[in-house]
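Here is a short note for a colleague who has not looked at this entry before. Please read the points with the structure open.

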Amino acid sequence: MEDQEMQLKVRRVSDKFTESMYVLANEPSVALYRLQEHVRRSLPELVQHKTDMQSWEEQSQGAIYTVEYACSAVKSMTNSSMYFKNIDGLLRQAISIKEQVSTNSMWLLPNSTHPCVTGANG
């Protein structure tokens, strides 16, 4: 009887040992399978996110360049205010000289050829 009992105990131990070896042998492959499954499911979405981010980065770089260019243009305009004042003064002088020439030419031209007398648009 002890022999049968001993055989039963040995058989249980051997079954448990076999089961443990089976689990230990298959556990990494199951883990790798689950990992592969996860990668296959999530990879297309990750690739899409990456391409979206690259597109947004390109758009952002373009917008940054545009803003920097506009800022430098505004700075250049503020630095050139003295040139605009000079142009304004020269335009005023030109208008004044043109008015003087127009008034002087009205007295110099004969009445028949003057635009005001003939009614011509000049």
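**Notes on the predicted model**

1. Tyr65 and Tyr69 are both exposed. These two residues are a convenient place to start, but keep in mind that this is a predicted model.

2. How many aromatic pairs are there? The count comes to one aromatic pair. That pair is made by Tyr65 and Tyr69, with ring centres 6.4 Å apart and 20 degrees between the planes, and it is classed as stacked. The cut-off for stacking is an angle under 30 degrees, so a pair with 20 degrees between its planes falls in that class. The distance is also within the 6.5 Å limit for pairing. Both residues belong to helix H1, which covers residues 2–79, and because they are four residues apart there, about one helical turn separates them.

3. The overall fold should be described next. The protein contains three helices and zero strands, and the order along the sequence is α-α-α. Of its 122 residues, 2% count as buried. The exposed area is about 11600 Å², and carbon and sulfur atoms supply 63% of that area.

4. Confidence should be stated by element. The mean pLDDT of the protein is 84, and 87% of its residues reach 70 or more. Among the elements, helix H1 has the highest mean pLDDT, at 89, while helix H3 (residues 115–118) has the lowest, at 52. Statements about helix H3 should be read with that value of 52 in mind.

5. Which residues make the nonpolar surface patch? Leu32, Leu35, Val39, Leu43, Leu46 and Val47 form it, and the patch has an area of about 550 Å². One of these residues, Leu32, is placed in helix H1. Leu32 has a relative accessibility of 56%, so it counts as exposed, the cut-off for that class being over 50%.

6. The charged side chains come next. Side chains of opposite charge can pair when their charged atoms come close. In this model the count of salt bridges comes to four. Among them is the one between Lys9 and Glu5, with 3.9 Å from N to O. Lys9 and Glu5 both sit in helix H1, four residues apart, which is about one turn of the helix.

7. Are Lys9 and Glu5 buried, partly exposed or exposed? Lys9 has a relative accessible area of 46%, so it is partly exposed. Glu5, at 43%, is partly exposed as well.

8. Glu37 takes part in two of the bridges described here, one with Arg34 and one with Arg41. In the bridge to Arg34, the closest N and O atoms are 3.5 Å apart. Arg34 and Glu37 are three residues apart in helix H1, so about one helical turn separates them. Glu37 itself is partly exposed, with a relative accessible area of 29%.

9. On the other side of the pairing, Glu37 and Arg41 meet at 3.9 Å, N to O. Arg41 is exposed, because its relative accessibility is 60%. Both residues lie in helix H1, where four residues, or about one turn, separate them. Which residues do the shared partners join into one network? They are Arg34, Glu37 and Arg41, linked by salt bridges that share partners.

Methods
Residues are numbered from 1 along each chain as its sequence is written. This is a predicted model: local features need pLDDT of at least 70, side-chain atom pairs count only at pLDDT 80 or more; totals for chains, interfaces and linings use all residues. Side-chain values use heavy atoms; hydrogens and water are left out. Rings of Phe, Tyr and Trp (its six-membered ring) pair if their centres lie within 6.5 Å; planes under 30 degrees apart count as stacked, over 60 as edge-to-face and the rest as tilted. Helices (H or I, at least four residues) and strands (E, at least two) are DSSP runs, numbered from the N terminus. Buried means under 20% relative accessible area, exposed over 50%, partly exposed in between (1.4 Å probe, protein chains only). Patches are made of residues with over 30% relative accessible area and no salt bridge: like charges are joined within 9 Å, nonpolar side chains (Val, Leu, Ile, Met, Phe, Trp, Tyr) within 5 Å. Accessible areas come from the Shrake-Rupley method with a 1.4 Å probe; for residues, only the protein chains shown count as cover. A salt bridge is a side-chain nitrogen of Lys or Arg within 4 Å of a carboxyl oxygen of Asp or Glu. pLDDT is the predictor's confidence in each residue, from 0 to 100.
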